[in-house]
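Welcome! Let's take a walk through this protein together, one part at a time.

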Amino acid sequence: MTNTGSSPKILHGAVVGCGFFALNQLEAWRALDGVEIVALCDTNETRLAETGARFGITRLYTDIEALLDDEAIDFLDIATTPPSHRILVEAAARRGVAAICQKPIAPSLADARAMVEAMATSGRPFMIHENFRWQTPVLALKAQIAEGAVGLPFWCRISFRSGYDVYAQQPYLAKGERFIIEDLGIHLLDVARFLMGDVASLWARTQRVNETIKGEDVATIMLGHVNGTTSVIDCSYASTFERDPFPQTLIEIDGTSGSLRLTQDYKLLVMNKSSDRTLDVTPLLLDWAQKPWFNIQESVLNIQRHWVKCLQTEAEPFTNGRDNLKTFALVEAAYESASAGRIIEVS
Ligand SMILES: NC(=O)c1ccc[n+]([C@@H]2O[C@H](COP(=O)([O-])OP(=O)(O)OC[C@H]3O[C@@H](n4cnc5c(N)ncnc54)[C@H](O)[C@@H]3O)[C@@H](O)[C@H]2O)c1
């Protein structure tokens, strides 16, 4: 860690994985104060060179062990796809380097638990890059709940339905046995925990509408929360719209004295007995962001700002490894429920 007298410490990081989503992470790191990405790693040399040139990063590696041998970094940001997550997190843990790992944390709960354990043994911070709860509209809705605008929430629906061609930029999504719950539903399950609390039981159904892909592209999940409330999660990449809401998450919450509706075009309706209000919760269009992705891109900046603050203040990240195991356990439970056709009790 570099400390220049009385000025704040500049955190030095490295990013492994220079693919589709890592570009957002690199843009966000560049925009943040107090942090600098000093090295990159990717097994694909062309991508590595292109990304290095784009971000002015000259310390480039095709092997993570070589990077960790050579670079004195404060954290490793892992932006690869899930099959490599465990090996990369364990490499960081062995060197005592703090780590961020993209979602889904791992291909299986056993791998995920081993990774959380390895980072706990290292004693270094570990955060899953679970960014949906960091979206401006979701934070605004959470703030309304916290202010008591609708009383006690008792029912919630979280919906992400679209016909957007996600396979064009992420072709691997069409090839896995698992698709929409593991890739997208995971975010909505995390938002459900964030808004309504931990989950006691779950029932799920999945469908595959697009026959050119291998996994499920439609999922409907009902959650029974520990506090007795209920959530419904529905996600689809097979739905047709006149104006496709992609990539907006739409949320309805009913409370004991009112209700909240997060609707298309980033409007938040707050309805209760004394008044009805519509708040504009449009995310910032950052100078490196593009529509329609800007909502997601701003949330990447928000979660990475949180990480920098956590490292500077030695605070635990909200979506730390242990917390994220609870979200990932819901993914596993949803697949088990859909396959067995029954309700799963979540331990
Ligand atoms: N939060 C979000 O909104 C969001 C959106 C898209 C993707 N993601 C997540 O981001 C992750 C990456 O997805 P993507 O679409 O960018 O994938 P991608 O395939 O475009 O990029 C992954 C990169 O990692 C590299 N790589 C793989 N294994 C490696 C290893 N062992 N060492 C070094 N480099 C390695 C590949 O060569 C590739 O360049 C996934 O976990 C995905 O779920 C999150």
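The domain assignment of this predicted model gives two domains to look for. Domain 1 covers residues 11-124, while domain 2 is made of two stretches, 132-287 and 321-345. If you take the centre of each domain over its C-alpha atoms, the two points lie 27 Å apart.

Now turn to the place where the domains meet. On one side, 14 residues of domain 1 are in contact with 15 residues of domain 2. Together the two domains bury an area of about 1200 Å², and carbon and sulfur atoms give 72% of it.

What charged and polar links can you find here? The rule finds one salt bridge across the interface of domain 1 and domain 2. Asp183 forms a salt bridge with Lys103, and their closest N and O atoms are 3.2 Å apart. Two residue pairs are in polar contact between the domains, counting pairs with both residues at pLDDT 80 or more. As for the side of domain 1 that touches domain 2, its residues divide into nine nonpolar, two polar and three charged.

Let's finish with helix 9, which spans residues 321-340. This helix has 20 residues and reaches 28 Å from its first C-alpha to its last, close to the 28 Å expected at 1.5 Å a residue. Have a look at both of its ends. At the start of helix 9, a side-chain oxygen of Asn320 comes to within 3.1 Å of the backbone nitrogen of Arg322. After the helix comes Gly341, and the phi of this glycine is positive, near 70°.

Technical notes:
Residues are numbered from 1 along each chain as its sequence is written. Side-chain values use heavy atoms; hydrogens and water are left out. Domain bounds come from an automatic or database domain assignment. Contact means heavy atoms within 4.5 Å. Buried area is the accessible area (1.4 Å probe) that two parts lose on being put together, summed over both. A salt bridge is a side-chain nitrogen of Lys or Arg within 4 Å of a carboxyl oxygen of Asp or Glu. A polar contact is a pair of N or O atoms within 3.5 Å; within protein, one must be able to donate a hydrogen and the other to accept it, and residues adjacent in sequence count only if both atoms are side-chain atoms. Ala, Val, Leu, Ile, Met, Phe, Trp, Tyr, Cys and Pro count as nonpolar, Asp, Glu, Lys and Arg as charged, and the others, Gly among them, as polar. Helices (H or I, at least four residues) and strands (E, at least two) are DSSP runs, numbered from the N terminus. The expected span of a helix is 1.5 Å times one less than its number of residues.
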